Number of protein chains: 2
Amino acid sequence: MDTLGRHLLVEYEGCDPDTLNDESAIRGLMRQAAKAAGATEVAVVFHRFSPQGVSGVVVVAESHLSIHTWPEHGYAAVDFYTCGDCEPERAHAVLLQGLAATSAEVMHVDRGARGRTCSMRLTVHEVEPEDRSRPEWTGIEKSTETDPATV
Amino acid sequence: MDTLGRHLLVEYEGCDPDTLNDESAIRGLMRQAAKAAGATEVAVVFHRFSPQGVSGVVVVAESHLSIHTWPEHGYAAVDFYTCGDCEPERAHAVLLQGLAATSAEVMHVDRGARGRTCSMRLTVHEVEPEDRSRPEWTGIEKSTETDPATV
């Protein structure tokens, strides 16, 4: 099986705290996200922490989707890592809407490019939509590719 | 609870194929890795694919550790994402040895730095040890920090 994969690291801000603290809702959103990405679910595990917060993972045939929530901060840290023909961006769209997030910071990392100079590569790092609440933020910009062999 | 976390994305090469295909061995290594990092295990899920390959996640109170293996390529893609006082580097050391990997490419991403310009930051991208088998590789170099607000 091909090792090439795409990994989106996403931080959601301004999310609905009740949703972030609802294990059933979070599980449902993550399973829906896996389906939207075109992934095949193989195992699911979720856990609600006391006094608050949910962690969980959907293991798919094409890698995994994970989430950790901090309801007290309206914040969630999520990973969408899929191989093959899946579209992790579609999973991201499900979470963005389902968590009612006001913004999302996203890193796109290509993985498993074995035999090239680097197996991994950060291709995009952006905030969507532009978050004007961050005083130093100058807009949606894409970072240059990182390549430790050339920096 | 503090949202600050450290996420190591690691690609292991030259691993022992039998270990990569042994669900029990992989589960054991990942649970050992979580313990070495100082993390508290809360849930474990692993799955062996047919004809080969293992995927699995250890959900910990401080986030998660995940692995996907391709025995046919001697390759594994692993994530160590921990918050608080954990040391994900110790988990990496367990896998590096346990998989008998000849090299590992590692990205260090800081996460959950809410309120700053960026919530995430790629701080290090390196191969350890230097992999001279890659023709274009010029040595162990560390990438500059990425910051989409300044590139």
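The paragraphs below describe a predicted model, moving from the relation between its two chains to their interface and then to individual residues.

Chain B superposes on chain A by a rotation of 180 degrees, with 0.0 Å of shift along the axis and an RMSD of 0.0 Å. The two copies are therefore related as by a two-fold rotation axis. Both copies use the same surface, since 100% of the contact residues of chain B recur in chain A.

The size of an interface is often expressed as the accessible area lost when the parts come together. Here, chain A and chain B bury about 4900 Å² between them, and 60% of that area lies on carbon and sulfur atoms. In terms of residues, 57 of chain B are in contact with 57 of chain A. Between the two chains there are 26 residue pairs in polar contact, counting pairs with both residues at pLDDT 80 or more. On the side of chain B that touches chain A, the elements giving two or more residues are the strands β1 (5-13), β2 (41-48), β3 (54-60), β4 (63-70), β5 (75-83), β6 (103-111) and β7 (121-128) of chain B. The largest share, six residues, comes from β5(B). By class, this side of chain B holds 27 nonpolar, 16 polar and 14 charged residues.

Charged pairs also cross the interface. The count between chain B and chain A is six salt bridges, and a search of the whole structure finds 14 over all chains. In one of those between the chains, B:Arg111 meets A:Asp79 with an N to O distance of 2.8 Å. This pair runs from strand β6 of chain B to strand β5 (residues 75-83) of chain A. B:Arg111 has a relative accessible area of 0% and so counts as buried; A:Asp79, also at 0%, is likewise buried. B:Arg111 forms a salt bridge with A:Glu11 as well, the closest N and O atoms being 2.8 Å apart.

Other salt bridges lie within a chain. In chain B, the side chains of B:Arg6 and B:Glu89 meet at 2.5 Å, N to O. The pair links distant parts of the chain, 83 residues apart, with B:Arg6 in strand β1 and B:Glu89 in helix α3 (residues 88-98) of chain B. B:Arg6 is partly exposed, with a relative accessible area of 30%, and B:Glu89 is partly exposed at 30%. Returning to the pairs across the interface, shared partners join A:Glu11, A:Asp79 and B:Arg111 into one network.

In chain A, A:Arg31 and A:Glu41 form a salt bridge of 3.0 Å, N to O. A:Arg31 belongs to helix α2 (residues 23-36) and A:Glu41 to strand β2 (residues 41-48) of chain A, so the pair ties together parts that are 10 residues apart in sequence. A:Arg31 is partly exposed at 40% relative accessibility, and A:Glu41 is partly exposed at 33%.

A final residue to examine is A:His68, located in strand β4 (residues 63-70) of chain A. With a relative accessible area of 2%, A:His68 is buried. Its side chain and that of A:Ser55 are joined by a polar contact of 2.7 Å. Leaving aside residues up to four places away in sequence, A:His68 touches A:Val54, A:Ser55, A:Tyr75, A:Ala76 and A:Ala77, together with B:Ser63, B:His64 and B:Tyr81.

Note on methods. Residues numbered from 1 in each chain as written. Chains lettered and ligands numbered in written order. Predicted model: local features only at pLDDT ≥ 70, side-chain atom pairs only at ≥ 80, totals over all residues. Heavy atoms only, no water. Contact = heavy atoms within 4.5 Å. Buried area = accessible area lost by both parts, 1.4 Å probe. Salt bridge = Lys/Arg side-chain N within 4 Å of Asp/Glu carboxyl O. Polar contact = N/O pair within 3.5 Å; in protein donor to acceptor, adjacent residues only side chain to side chain. Helix = DSSP H or I, 4+ residues; strand = E, 2+ residues; numbered from the N terminus. Nonpolar A, V, L, I, M, F, W, Y, C, P; charged D, E, K, R; others polar. Buried < 20%, exposed > 50% of the residue type's maximum accessible area, 1.4 Å probe, protein only. Least-squares fit on C-alpha atoms with pLDDT ≥ 70 in both.
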